[in-house]
Amino acid sequence: MINQLSVINIGLESFTLPFKELKTPHQHVEWRPSLEVSSSAKSVITQHHEKIHNANLEAISKVEKGVPVLHGMGRAIDLIPHMKKNLILHAGPPITWKRMCGPMRGAVIGALIYEGMATDESSAEELVNSGKIEFAPCHEYSAVGPMAGIISPSMPVFAVQNDAFGNMAYSTQNEGLGKVLRYGAYSTEVIDRLKWMQDVLYPILKLAIEQRSEKINLKTIILQALQMGDEVHNRNRAATSLFYRAIAPDIVTVAPDKESALSVLNFINSNDHFFLNLSMAACKAILDPARDIPYSSLVVVMARNGTDFGIQLSGTKGEWFTGKAPFVDALYFQGYSSVDANPDIGDSAITETAGLGGFAMASAFAIVQFVGGTANTALAFSKEMYEITLSESPHYKIPSLNFQGTPTGIDVVSVIDKNILPVINTGVAHKKAGVGQIGAGVLRAPTEPFVKAYEKLALTF
Amino acid sequence: MIQVDGKIIKGRYIDSVFLMRVAKDVRAFTGVLDSAFVVGTSENIELLKSSALGFDGLEEASSNDLVLAIRHDGSNPEILKEALALLEVSKKEEHAESCKSCDSALKKLPSANLALISIAGKYAADEARKALDKNLHVMLFSDNVSLEEEIHLKNYGRDRNLLVMGPDCGTAILGGVPLAFANVVKRGSIGVVAASGTGLQEVTSIISNLGEGISEAIGTGGRDLKKEVGGITFLMGLDLLIHDPKTKVILLVSKPPHPEVLLKINEKLKETHKPVVKMFLGESKSTLVEAAAYAVALSRGDVYLSPLNESALKDEADQIFKTIKKGKYVRGLYSGGTFSFETQLVLKERGHKDVFANAPCTGVNKLANSFVLQQNSIVDLGEDEFTVGRPHPMIDFTLRNKKIEEESQLPETAFLLLDLVLGYGSNLKPLEEITPSLKVALNSSPVIISVTGTDGDPQDRQRIIHELKSLGVIVKESNAEAAILASYLLKRLE
């Protein structure tokens with residue numbers, strides 16, 4: 001019958017004991033029940049698995065072809081299609097002012113003051129309550145923003161183009177750490193910095209970037225950074241350094257004087273996460289061409305607004321599927337604890353959506369100090385993500401996994417079937433506007449958005 | 001002050017045996033009266049509430065979460081934290097190299113040819129189907145799989161020439177490898193197809209102990225020989241052994257098949273000249289030990305000699321009778337369902353009346369309440385009413401130990417009759433766990449134990465037999481012998 005028994009054990013781990021002692025080839029499966037979905041949805045999806053598979057092949061091949069390049073900069077109102085004077089873009093799925101969390105409200109207030117549309121908190125709130133201000137997700141305007149992710153009309157944005165398909169993605173310049181707008185701060189200091197970024201940083205950077213004959217290829221920076229200890233979500237030090245090396249001569253070339261050149265260089269240099277906004281835009285640029293492929297179960301967006309966690313699938317077009325934004329399993333900075341934490345917030349989960357960030361944790365062992373684990377923990381997280389992704393990236397390789405490509409392209413069907421949720425590395429904001437980052441750690445995406453998305457996908461057949 | 005503290009752990013899933021071990025360890029903490037650690041299904045939530053283990057917020061739990069509940073005297077404010085720490089051992093192990101699905105397991109082990117599935121029945125059929133799609137034979141240990149699902153899976157498997165052993169298949173030995181609850185036996189030329197797990201364990205162990213060996217031992221699950229299933233797996237297993245060059249003698253073990261299925265089996269048997277021993281419990285008067293001995297004789301070309309020495313057993317009963325202090329009845333507390341069945345058959349056949357059982361064969365009375373034993377009671381502690389929320393009695397001795405102590409002390413109880421099943425899957429430290437209760441029992445009543453297993457099993461069989469005898473337990477090496485001894489003893493007590 002069977003010449004050499006070779007067993008896959010699904011269930012009680014104690015059953016592997018004889019295989020270990022008798023040296024029988026075996027593999028234990030840490031099985032868990034699939035996430036609960038309606039039986040009708042399950043049977044539709046199962047029935048059409050071939051159609052889904054083919055749609056996903058098309059989707060993932062588009063993702064893999066992506067070449068994100070930094071082409072230039074401009075004001076949001078000038079560059080972002082359909083941007084309006086009274087429109088404020090925010091991170092995550094759609095949300096009303098009433099439901100916004102502390103840090104996002106603070107950031108909105110700060111943006112209105114920066115725009116000159118309000119003078120202080122109360123006039124800002126009055127303006128919002130009057131209904132004159134519109135809100136929309138960054139993602140619906142080809143943009144992405146970390147933490148509160150607020151983009152207002154006058155803000156300068158990076159313009160990243162996916163050279164393979166011509167689509168654009170936009171993000172603001174990262175302000176740095178501590179009391180900044182994206183954490184909901186709106187003091188004079190914050191507004192002053194935003195003005196400086198608009199009046200000094202932006203013009204120099206814009207010129208520096210645009211006068212290059214060879215534009216800065218973000219894909220190249222990211223793939224090198226992954227081999228230098230970054231995962232380009234929570235760890236951007238190497239990528240920021242590479243960007244700095246690339247752009248420094250251009251800054252020196254275009255700056256009107258030594259002081260301004262120095263101030264720009266020092267600004268970038270003092271912020272280990274300067275590259276984050278660029279990596280986020282790069283990831284969005286890579287994923288957007290894979291949208292709107294009928295029957296595809298590829299996740300094209302994961303984003304949070306501090307209240308809700310939302311996803312979008314390729315096969316269900318622009319529909320948002322949401323659930324409650326969870327709290328992060330974090331290590332807190334001195335003086336803070338979980339009682340101070342805001343729920344998960346920001347568009348930065350677009351990095352995980354593209355197979356980077358938490359999915360590439362095995363490239364960034366330094367992250368694990370926030371997880372309370374060992375280097376093996378980082379390896380295990382990355383390895384687990386291969387269970388729910390469509391492919392291994394042909395470009396972004398992880399040295400510690402023997403240069404295996406990053407687990408790319410989250411498949412909502414696998415998420416449901418295997419009950420494995422995407423892992424996200426992220427910072428934690430204080431729940432009060434303007435305090436800033438209070439910790440960092442790892443979280444699992446919540447199940448509700450994926451269940452909803454699966455159910456909706458089933459209805460498209 | 002007695003209080004219940006609990007915690008809902010969101011989004012974790014840990015196998016039920018591990019959970020129960022943690023709950024057991026927590027029960028041993030100082031000040032703890034009871035503890036449970038379960039998946040947050042609505043059934044389990046009700047179970048917790050009815051066991052006085054409910055706590056505020058319990059209703060929030062879902063079947064994606066784990067629930068830990070501790071009822072304690074309040075003396076240790078850190079009790080919940082300490083209990084949760086026991087989980088962290090598991091967390092570290094979880095992050096070690098592991099697969100989360102059959103697909104990824106196949107990538108790591110492309111040589112795989114069998115999937116051994118022991119997850120909750122609700123999900124097991126799906127996983128079995130997936131395994132069959134990947135061209136794997138399936139051993140389905142899980143129970144609570146519907147009859148319809150079983151029929152579908154077995155047909156699906158048959159179409160692909162793949163075995164589906166189960167559902168509710170506890171034992172198999174393939175290529176010499178013990179699967180689930182099975183013993184380490186010598187390899188040889190006797191092939192077995194069995195619809196009973198402990199039945200398979202008994203015959204394969206005895207055959208090995210007699211010096212012969214097993215080619216393959218195929219389990220079919222308890223329902224295979226019903227009319228609806230039609231003996232699909234039994235027939236496939238039989239076919240396999242008929243064509244297997246290593247197999248020279250075939251031994252079939254089960255309860256009597258449905259007549260239509262029996263016809264098919266007999267048709268199949270015409271295809272071979274190999275000698276076949278048919279052990280249909282309840283039909284013939286023979287016992288598992290006799291069937292095993294007969295298969296051995298056939299494989300050796302020897303004349304068959306019965307392994308049962310009636311006069312020696314009768315004499316032994318007379319000796320034991322002298323030590324009986326009280327009562328006139330036997331209390332049989334079994335962990336193996338087939339053993340409790342075989343014992344009932346022996347008693348029935350030898351004319352004993354007043355025999356009760358929770359899972360009776362025809363001619364034996366059904367216990368009105370499985371927990372309240374009457375007269376001669378033969379109890380299968382592996383039945384559902386005993387195993388809700390606790391591991392099988394072959395793994396966890398807690399319930400049986402309690403009953404050993406209780407029943408032995410009742411005035412109507414003359415002696416106890418137990419099985420002790422060794423091998424993989426079973427409790428690895430049976431002696432340590434059962435001895436305290438045996439000591440209590442032996443103060444009041446003699447105890448007869450049949451030990452099933454081989455010297456190759458992970459438990460130290462020789463030491464176990466030796467220690468039990470030192471305690472004063474009467475040890476037999478087959479269930480039938482123990483049952484026959486019990487019968488002679490009961491006759492003296494009448």
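A salt bridge is counted here where a side-chain nitrogen of Lys or Arg lies within 4 Å of a carboxyl oxygen of Asp or Glu. The exercises below concern a predicted model, and by this rule the count comes to 43 salt bridges over all chains.

**Exercise 1.** Show that A:Asp344 and A:Arg304 meet in a salt bridge, and work out which parts of chain A the pair ties together.

*Solution.* Begin with the distance: the side chains of A:Asp344 and A:Arg304 come to 2.5 Å, N to O, and the rule asks for a nitrogen of Lys or Arg within 4 Å of a carboxyl oxygen of Asp or Glu, so the pair qualifies. Next, place the two residues: A:Asp344 lies in the loop between β12 (329-332) and β13 (345-346) of chain A, whereas A:Arg304 belongs to strand β9 (residues 299-305) of chain A, and therefore the salt bridge ties together parts that are 40 residues apart in sequence.

**Exercise 2.** Describe the interface of chain A and chain B, starting from its contacts and its buried area.

*Solution.* First, take the contacts, in which 40 residues of chain A meet 48 residues of chain B. Second, take the area, for about 4200 Å² is buried between the two chains, with carbon and sulfur atoms giving 62% of it. Third, turn to the polar side of the interface, where 18 residue pairs of chain A and chain B, both at pLDDT 80 or more, are in polar contact. Across this interface the rule finds 1 salt bridge, formed by B:Lys100 with A:Glu384, whose closest N and O atoms are 2.9 Å apart.

Fourth, ask which elements of chain A supply the side that touches chain B: β1 (7-10), α1 (17-21), β2 (26-29) and α13 (375-385) each give at least two residues, and the largest share, 5 residues, comes from α13(A). Finally, sort the residues of that side by kind, which gives 19 nonpolar, 11 polar and 10 charged.

**Exercise 3.** In which sense do β1(A) and strand β4 (residues 114-117) of chain B pair, and over how many bridges?

*Solution.* The two strands pair in the parallel sense, and the pairing runs over 4 bridges. Within this pairing, A:Ile10 stands opposite B:Ile117 in β4(B).

**Exercise 4.** Decide how compact chain A is for its length of 461 residues.

*Solution.* Start with the make-up of chain A, whose secondary structure comes to 15 helices and 17 strands. The radius of gyration of chain A is 22 Å, which is close to the 23 Å that the globule rule gives for 461 residues, so chain A is as compact as a globular protein of that length. To complete the picture, the C-alpha atoms of chain A fill a box of roughly 80 × 45 × 45 Å along the principal axes.

Methods. Residues are numbered from 1 along each chain as its sequence is written. Chains are lettered from A and ligands numbered from 1 in the order in which they are written. This is a predicted model: local features need pLDDT of at least 70, side-chain atom pairs count only at pLDDT 80 or more; totals for chains, interfaces and linings use all residues. Side-chain values use heavy atoms; hydrogens and water are left out. Contact means heavy atoms within 4.5 Å. Buried area is the accessible area (1.4 Å probe) that two parts lose on being put together, summed over both. A polar contact is a pair of N or O atoms within 3.5 Å; within protein, one must be able to donate a hydrogen and the other to accept it, and residues adjacent in sequence count only if both atoms are side-chain atoms. Ala, Val, Leu, Ile, Met, Phe, Trp, Tyr, Cys and Pro count as nonpolar, Asp, Glu, Lys and Arg as charged, and the others, Gly among them, as polar. Two strands pair if DSSP finds at least two bridges between them. The radius of gyration is taken over C-alpha atoms; the globule rule is 2.2 Å times the number of residues to the power 0.38.
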